[in-house]
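Here are some short exercises on strand pairing and helix packing, each with a worked solution. Have a look at the model first, then work along with the steps.

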Amino acid sequence: MLHTRNVQNKALLREGILFLGQWGVLAGILFLVLQGIGAEHALQQMETVDVQNVLNMLGTFTTSENSTQFWAQGKLIEISALCSGLLEMVLLASVILITPNEGWKKKIIGAAVGVGLLYAFNILRMIISIQQLVHTPYSFAEFTHDILFRIILIAGFAFLYWAWVNWTYVHQKLIREGLI
């Protein structure tokens, strides 16, 4: 009995290491390809426009400095490469794409929806950070930006993956039971 459990544990460990390795390789390749074609800078520019539009609607008026920088109430804001969320989007898409036992259609839909939701969440995160920078002491805004919002972005990534895995599980169960 103990020998069987050890064999099962070793098999699970090998499977987990293989999964993490595949995830790392796919994420690395996707990230390098996307950076190579300029996707990160394009994402920064798109986010800069979206953030400025929302801030202007909220009454925090902005003035563009260049494609990734703008002024908001006398403070120069930059949407940097790290702010773009490209790495998190790549990590989410790649972990969904390598998840075993799911069809490619579900994986592609899950990756696309997940990346879209992560983009929207990241825009919201940036707006909150900028509002804090404009309306609170710099030290508090710096703390929330550097610590809390990075943790929240990672938690958002984990939640989206968890939600996708649970959605696919429930969907499979409904199919097995003949409900869809």
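**Exercise 1.** Work out how strand 2 and strand 3 pair, and over how many bridges.

*Solution.* Strand 2 covers residues 69-72 and runs antiparallel to strand 3, with four bridges between the two. Helices (H or I, at least four residues) and strands (E, at least two) are DSSP runs numbered from the N terminus, and two strands pair if DSSP finds at least two bridges between them. One bridge to look up is that of tryptophan 71, whose partner in strand 3 is leucine 76.

This is a predicted model, in which local features need pLDDT of at least 70, side-chain atom pairs count only at pLDDT 80 or more, and totals for chains, interfaces and linings use all residues. Residues are numbered from 1 along each chain as its sequence is written, and side-chain values use heavy atoms, without hydrogens and water.

**Exercise 2.** Place these strands in their sheet and find its edges.

*Solution.* The sheet is open, with three strands in the order 1-2-3 and antiparallel pairing. Strand 1 (62-66) and strand 3 (75-78) each have a single partner strand, so one side of each lacks a neighbour in the sheet.

**Exercise 3.** Which residues of helix 3 and helix 5 meet?

*Solution.* From helix 3 come Glu88, Leu91, Leu92, Val95 and Ile96; from helix 5, Leu153, Phe157, Leu160, Tyr161 and Trp164. Contact here means heavy atoms within 4.5 Å.
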